[in-house]
Each structure stands twice: as C-alpha cells, then as structure tokens.
Amino acid sequence: MARIVLTNVQVTVGAVDLSDHVASVTLSTTYDVLETTAFAGGNVPAAAKTRIAGLADNSVTLEFHQDFAAGEVEQTIYPLLGTTAAVAIKPNTSAPIAADNPAYTFDALISEWTPLNGAVGELATASVTWPVSGPVTKDVTP
Amino acid sequence: MEYTVTSSKKVCGKINGEKLTQDDILSAGGSVEHLLAAGHIKEAVKTPKAKEEPQVLKDEPEAFVFNNFNYEQGDK
C-alpha cells in the first residue's frame with residue numbers, strides 16, 4: 001500500500017474550489033462512547049467494562065490563506081458565516097474518485113471565521129474548525 | 001437558468017467562462033445567491049437566436065409543355 005503525500009488535496013466550500021488557498025485539512029470523526037457495563041444478574045460477572053458507540057460527531061479543520069480579492073477566500077467564506085455549507089474534500093484533485101481517492105462530502109456549520117490573523121511579516125491565515133451537521137458521505141464510485 | 005463562471009476558482013468543477021445551470025449548483029451543494037454575491041458566477045447572457053424566416057417554397061413553375069396538337073384535324 002502506497003503512502004500518500006498531500007500535495008494536491010481538493011477542498012470545495014459551497015461548490016467553490018478553494019484548494020489553492022488551503023494549507024492544511026483535517027477531517028475527524030468520533031463517536032460518543034456509551035458504557036453498558038452492568039451487574040452480572042446471575043451470569044458470569046463482567047471482567048471488564050463494555051461499551052457501544054453512540055452518535056457520530058464529525059468536524060473539519062482547515063487552514064486558509066486569507067485573500068480579500070474578488071471571488072477569493074474572504075468573499076466566499078464571510079457570507080456563509082452562521083449557515084451550513086456543502087464541503088467536499090478529495091485527497092488528489094487530479095485523480096478521479098476511486099477507492100484510493102475517496103471524496104468526502106458533508107454539510108459544515110460555518111461557525112467561526114478569522115478574517116485577519118497574523119503578526120508583522122507573517123502570512124495572513126485563518127484556521128477554523130467547523131462542526132459537521134449530519135453524516136459524512138464517503139464516495140468511492142468513479 | 002444558466003450561469004457563467006466569472007471566478008478565478010473552479011465552481012462546481014467548471015472554470016472561468018464555462019457555463020453551468022442552477023441544477024449543477026444545487027447538486028454540488030452550492031447556493032446561487034451566494035455564488036452571485038461572491039462574484040463567482042453571473043447570469044449567462046442569452047444570445048437571441050437568429051430569426052428564422054418562413055421558408056418559402058419556390059417551386060419552379062412547371063415547364064410549359066407545348067403539345068403539338070393538331071387543331072386542324074378533321075376532314076380536308
């Protein structure tokens with residue numbers, strides 16, 4: 001199995017491809033862990049705790065390079081603040097969707113934005129973590 | 001309704017100058033209002049179709065056929 005070096009990840013927000021202004025991406029999924037350990041009730045006493053998965057909780061973290069030019073990052077993200085927007089992420093922009101290049105799509109709640117961030121001489125960036133509303137769909141169908 | 005991509009970014013996988021429909025945008029999870037406001041797309045200008053003139057059938061007149069008919073038939 002080939003390891004993958006991320007150089008060409010595709011990130012679209014609200015159907016707009018912002019890949020060339022995104023420096024890092026993290027898509028996380030965690031499940032609530034619900035403990036189900038109980039007394040033995042006549043059976044063999046439990047030797048260890050038992051658990052089941054509860055609801056999934058997904059989020060995406062993106063680091064943008066800020067750009068105030070027409071049609072760029074600020075003009076795309078700022079109007080979406082407080083709304084949900086479709087986000088799609090694919091490891092390799094150039095390759096078609098496949099098992100080794102899955103596309104993840106979901107609705108993210110654009111809950112935060114940092115229009116201006118950075119010190120003197122630094123690149124203006126905006127690092128955000130948006131919670132996902134609903135499930136994450138993984139598509140491997142070409 | 002058709003729209004033209006005016007952005008330097010790909011919109012629904014289309015590049016600047018390419019056209020897309022409202023269905024393309026909605027199926028990609030986008031919002032027409034948002035894309036218009038952010039300057040990513042504009043309404044496509046419909047070029048009026050050239051008015052088709054009713055086709056006039058210009059049938060060639062039937063060629064006059066001179067029947068060499070002898071009107072002076074009869075008894076002489």
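Read from the N terminus, the elements of chain A follow the order β-β-β-β-α-β-β-β. That adds up to 1 helix and 7 strands in this chain, and the model they are drawn from is a predicted one.

Some of these strands sit side by side. Strand 5 of chain A runs antiparallel to strand 6 of chain A, with 6 bridges joining the two. Within this pairing, A:A85 has A:A108 of strand 6 as its bridge partner. Strand 6 of chain A also pairs with strand 7 of chain A, again in the antiparallel sense, this time over 5 bridges. Here A:Y104 is found opposite A:K138, a residue of strand 7.

As for overall shape, chain A is not what a compact globule would give. Its radius of gyration is 20 Å, whereas a compact globule of 142 residues would come out near 14 Å. The C-alpha trace of chain A spans about 70 × 35 × 30 Å along its principal axes. Of the 142 residues in chain A, 32% count as buried. The accessible surface of the chain is about 8,400 Å², and carbon and sulfur atoms make up 57% of that. Contacts in chain A often link distant parts of the sequence: among those with a separation of 6 or more, 65% are between residues 24 or more positions apart.

Nonpolar side chains in soluble globular proteins tend to be buried together. In this model the largest nonpolar core holds 31 residues, and the members touching the most others are A:V13, A:F64, A:I77 and A:W130. Both chains feed into this core: at least two residues each come from strands 1, 4, 5, 6 and 7 and helix 1 of chain A, and likewise from strand 1 and helix 2 of chain B. Strand 7 of chain A gives the largest share, with 4 residues. A closer look at A:W130 shows how it is surrounded: leaving aside residues up to four places away in sequence, its contacts include A:V13, A:F64 and A:I77. A:W130 also touches a run of residues from A:A108 through A:L109, A:I110, A:S111 and A:E112 to A:W113.

Then there is the meeting of the two chains. On the chain A side, 14 residues are in contact with 13 residues of chain B. Together the chains bury about 1,000 Å² between them, with 54% of this area on carbon and sulfur atoms. Within chain A, the residues that lose the most area to chain B are A:A15, A:V16 and A:D17, which together account for 41% of what that side buries.

Key. Residues are numbered from 1 along each chain as its sequence is written. Chains are lettered from A and ligands numbered from 1 in the order in which they are written. This is a predicted model: local features need pLDDT of at least 70, side-chain atom pairs count only at pLDDT 80 or more; totals for chains, interfaces and linings use all residues. Side-chain values use heavy atoms; hydrogens and water are left out. A nonpolar core is a set of buried Ala, Val, Leu, Ile, Met, Phe, Trp, Tyr and Cys residues joined through side-chain atoms within 4.5 Å. Buried means under 20% relative accessible area, exposed over 50%, partly exposed in between (1.4 Å probe, protein chains only). Contact means heavy atoms within 4.5 Å. Two strands pair if DSSP finds at least two bridges between them. The radius of gyration is taken over C-alpha atoms; the globule rule is 2.2 Å times the number of residues to the power 0.38. Accessible areas come from the Shrake-Rupley method with a 1.4 Å probe; for residues, only the protein chains shown count as cover. Buried area is the accessible area (1.4 Å probe) that two parts lose on being put together, summed over both.
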